[in-house]
Structure formats: structure tokens, C-alpha cells
Amino acid sequence: MTVEELAREYEGQYISLCAKMDGLKPLLYVYSGKDLTILRKRIKIYYDMACECKRISSLLSCYNEKEDL
């Protein structure tokens, strides 16, 4: 697997996690109490994971560009 392929894989994971968060957001208006707390924690975990995937994808993409110079 090349660095470029790995960067694309992380980008794909970012997109997947964003889709999961988008699917859970409407439930924020429905849930209450303990269920709402659990849902918020789950969304926060997905958000943190998505940010890491995006960051790593950017780093790998920049690494590939620097290598070309």
C-alpha cells in the first residue's frame, strides 16, 4: 500500500464517520435523560475519530507532496 492509498483510506474513514454523525444528529431532539447523554458521548467519540482521520489524511497527503519536490 502506498502513502497515497493510505491517505485515501483515512479520507474514506473520515467520510464514513461524518455520515454516522449525520445519522445520529436528529436523535438529539428525540432522546432525553441518560439516553441523550450516551448519544452525545457517542457523537463526541465519532467526532474525535473523524478529526484524527482527517488530520492523518492531510499529513500523509502533504508527505507525498513533499516527496515529489
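A salt bridge, as the term is used here, is a side-chain nitrogen of Lys or Arg lying within 4 Å of a carboxyl oxygen of Asp or Glu. With that in mind, open the model, which is a predicted one, and select E11 together with K54: these residues form a salt bridge, and their closest N and O atoms are 3.4 Å apart. This pair links distant parts of the chain, since E11 belongs to helix α1 whereas K54 belongs to helix α2 (residues 33-68), with their positions 43 residues apart. Colour both by accessibility and E11 comes out as partly exposed, at 24% relative accessibility, while K54 is likewise partly exposed, at 32%.

**Other salt bridges**

The structure holds five salt bridges, and a second one to display is that of R8 with E4, where the closest N and O atoms are 3.2 Å apart. Both R8 and E4 sit in helix α1 (residues 3-24), and the four residues that separate them along the chain correspond to about one turn of the helix. E4 has a relative accessible area of 43% and is partly exposed. Move next to D22 and K25, another salt-bridged pair, with the closest N and O atoms at 3.7 Å; here D22 is partly exposed at 48% relative accessibility, and K25 is partly exposed with a relative accessible area of 41%.

**Along helix α1**

Now show α1 on its own as a ribbon: its 22 residues reach 32 Å from the first C-alpha to the last, which is close to the 32 Å expected at 1.5 Å a residue. Select A7, L17, C18, M21 and L24, which are buried residues of this helix, and turn the view until you look down the axis of α1; the buried residues of the helix fall within an arc of 120°, so they line one face of it. On the other side of α1, R8 and I15 are exposed.

**The cysteines**

Keep C18 selected and add C51, C53 and C62 to the display. Why does the structure hold zero disulfides? For C18, the reason lies in distance, because its sulfur is 8.1 Å from the closest cysteine sulfur, that of C51, which is too far for a bond. The same kind of reasoning serves for C62, whose sulfur is 16 Å from the closest cysteine sulfur, in C53, and therefore too far for a bond. The cut-off behind this step is 2.5 Å between the two sulfur atoms. As for their surroundings, C18 counts as buried at 19% relative accessibility, whereas C62 is partly exposed, with a relative accessible area of 38%.

**The loop and its surface patch**

Switch to a surface representation and select L28, Y29, V30 and Y31, which make a nonpolar surface patch of about 460 Å². Within this patch, V30 is placed in the loop between α1 and α2, and V30 is exposed, with a relative accessible area of 61%.

**Last stop: I56**

Finish in helix α2, where I56 is found. Is I56 buried, partly exposed or exposed? With a relative accessible area of 23%, I56 is partly exposed, because the range for that class begins at 20%. For a final distance, draw a line between the C-alpha atoms of I56 and L24: these residues are 32 residues apart along the chain, and their C-alpha atoms are separated by 24 Å.

Methods. Residues numbered from 1 in each chain as written. Predicted model: local features only at pLDDT ≥ 70, side-chain atom pairs only at ≥ 80, totals over all residues. Heavy atoms only, no water. Helix = DSSP H or I, 4+ residues; strand = E, 2+ residues; numbered from the N terminus. Buried < 20%, exposed > 50% of the residue type's maximum accessible area, 1.4 Å probe, protein only. Patch = residues over 30% accessible without salt bridge, like charges linked within 9 Å, V, L, I, M, F, W, Y side chains within 5 Å. Areas by Shrake-Rupley, 256 points an atom, 1.4 Å probe, with all protein chains shown as cover. Expected span 1.5 Å × (residues − 1). Arc of directions from axis to C-beta.
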